[in-house]
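Here is a short note for a colleague who has not looked at this entry before. The points below can be read alongside the sequence and the coordinates.

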Amino acid sequence: MAYVHAEIASQPDCWRQASELAPAMLDRLPRPGERVAVVGCGTSWFMAMAYAARREAAGQGETDAFQASEFPVGRHYDRLLAITRSGTTTEVLELIAALRGRIPTTVLVGDPGSPVVETADAAVTMPFADERSVVQTRFATTALALLRAHLGDNMDALAADAEVAVRAPLPIDPSLIEQVTFLGRGWTIGLAQEAALKCREAATFWAEAYPAMDYRHGPISVAAPGRLVWAFGELPDGLPEDVAATGASFAHSRTHGYRTVLGRWAAGRTPVDPMADLILAQRFAVALATSRGLDPDAPRHLSRSVVLT
């Protein structure tokens, strides 16, 4: 399991490098006021969701996220931004080729030598965040870190939170849990979806994800003793109490015990950034795999890139 462990642990440094890279990419990234579509597949789609919600909430302009295969090609945008680790994913390559000359395209990619670099109008390459693992961790979060730096988020604080998250104890012993549901609000819905995907990919584990406000509209019915609800970011009023009433365990960055780790937190400090909390969820997924006798570096039925023939 050397690859995924090392790649998860490297995220604080990768995020710092992304922050340093962002100012040099101003002409390639969305400008304030542009109407932007962000696309990806799998993990990259969930990062697109997170960025789209955060950019629009920041007042930077209307921003939509799509799976690359589901992009509405008849709709107009000022720019299409694609996130792809390998740069070889069929759906992304076909979409960018179809939009050539119609919509300016920018791609965030790990491999500078991949075909998407030549296909897109502009590329932001991040070889320092590329991965050997099939299961994505650091490339996806580093792409989001670069985009957050471009939005003006405090990257020093984010990287510091990530340093805590790579060392913090897990909120619960994974071997005691039979099911987990991740929740988010706004931009953290994408993070919740990604956390659930990591559990499914790495550990073939029953994991779901929902908007936190919608959780009580049905999905809470699966909550029970031996199951876990893990929330990212803002908590709806009364949600922890409603989960507790089901007998399920509840996790949130306020409950993870960060204040005791490395002496990092003073009493009453705001919880870590939700993106740093995603690191803990990645580690949880890897620990789940180990507890089930699986190798998260060799997930079944998956390959590093989906290339359709």
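1. Helix α3, residues 43-57, lies across three strands, β1, β2 and β3. Relative to β2, helix α3 runs at about 170 degrees. Please keep in mind throughout that this is a predicted model.

2. Helix α4 is placed on strands as well: residues 90-99 form this helix, which lies across β1, β3 and β4 (105-109). The angle between helix α4 and β3 is about 160 degrees.

3. The strands under these helices belong to one sheet. Five strands make up this open sheet, in the order β2-β1-β3-β4-β5, and their pairing is parallel. At its edges are β2 (63-67) and β5 (122-125), each of which pairs on one side only. On average, and with direction ignored, neighbouring strands of this sheet are turned by 20 degrees against each other.

4. Inside that sheet, strand β1 (residues 36-40) and strand β3 (residues 79-84) run parallel and are joined by four bridges. One residue pair can be named here: A37 has L80 in β3 as its bridge partner.

5. A second open sheet contains four strands, ordered β7-β6-β8-β9, again with parallel pairing. Its edge positions are taken by β7 (207-211) and β9 (249-251); each has a single partner strand, so one side of each is left without a neighbour in the sheet. From one strand to the next, the twist averages 20 degrees.

6. Within the four-stranded sheet, strand β6 (residues 179-184) pairs with β7 in the parallel sense, over five bridges. L183 stands opposite Y210, a residue of β7.

7. How do the axes of helix α6 and helix α10 cross? Helix α6 covers residues 138-151 and helix α10 covers residues 274-291; their axes come within 11 Å and cross at roughly 175 degrees. Angles over 145 degrees count as roughly antiparallel, and that makes α6 roughly antiparallel to α10.

8. The contact between these two helices can be listed by residue. From α6 come T141, L144, A145 and R148, and they meet M275, L278 and Q282 in α10. By type, the residues of the contact of α6 with α10 are four nonpolar, two polar and one charged.

9. An unreviewed UniProt entry carries the annotation "domain: SIS" for residues 25-169. In the model, this span is 38% helix and 17% strand. The C-alpha atoms at the two ends of residues 25-169 lie 36 Å apart.

10. For the protein chain overall, there are ten helices and nine strands. The C-alpha trace spans about 55 × 40 × 40 Å along its principal axes. What radius of gyration would a compact globule with 309 residues have? The expected value is near 19 Å, and the protein chain has 19 Å, which agrees.

Methods:
Residues are numbered from 1 along each chain as its sequence is written. This is a predicted model: local features need pLDDT of at least 70, side-chain atom pairs count only at pLDDT 80 or more; totals for chains, interfaces and linings use all residues. Side-chain values use heavy atoms; hydrogens and water are left out. UniProt positions are given in the numbering used here, feature names are shortened, and annotations may be inferred rather than shown by experiment. Axes are lines fitted to C-alpha atoms, for helices over the stretch in contact, and angles run from 0 to 180 degrees between N-to-C directions. Angles under 35 degrees count as roughly parallel, over 145 as roughly antiparallel, 65 to 115 as roughly perpendicular and the rest as oblique. Contact means heavy atoms within 4.5 Å. Ala, Val, Leu, Ile, Met, Phe, Trp, Tyr, Cys and Pro count as nonpolar, Asp, Glu, Lys and Arg as charged, and the others, Gly among them, as polar. Two strands pair if DSSP finds at least two bridges between them. The radius of gyration is taken over C-alpha atoms; the globule rule is 2.2 Å times the number of residues to the power 0.38.
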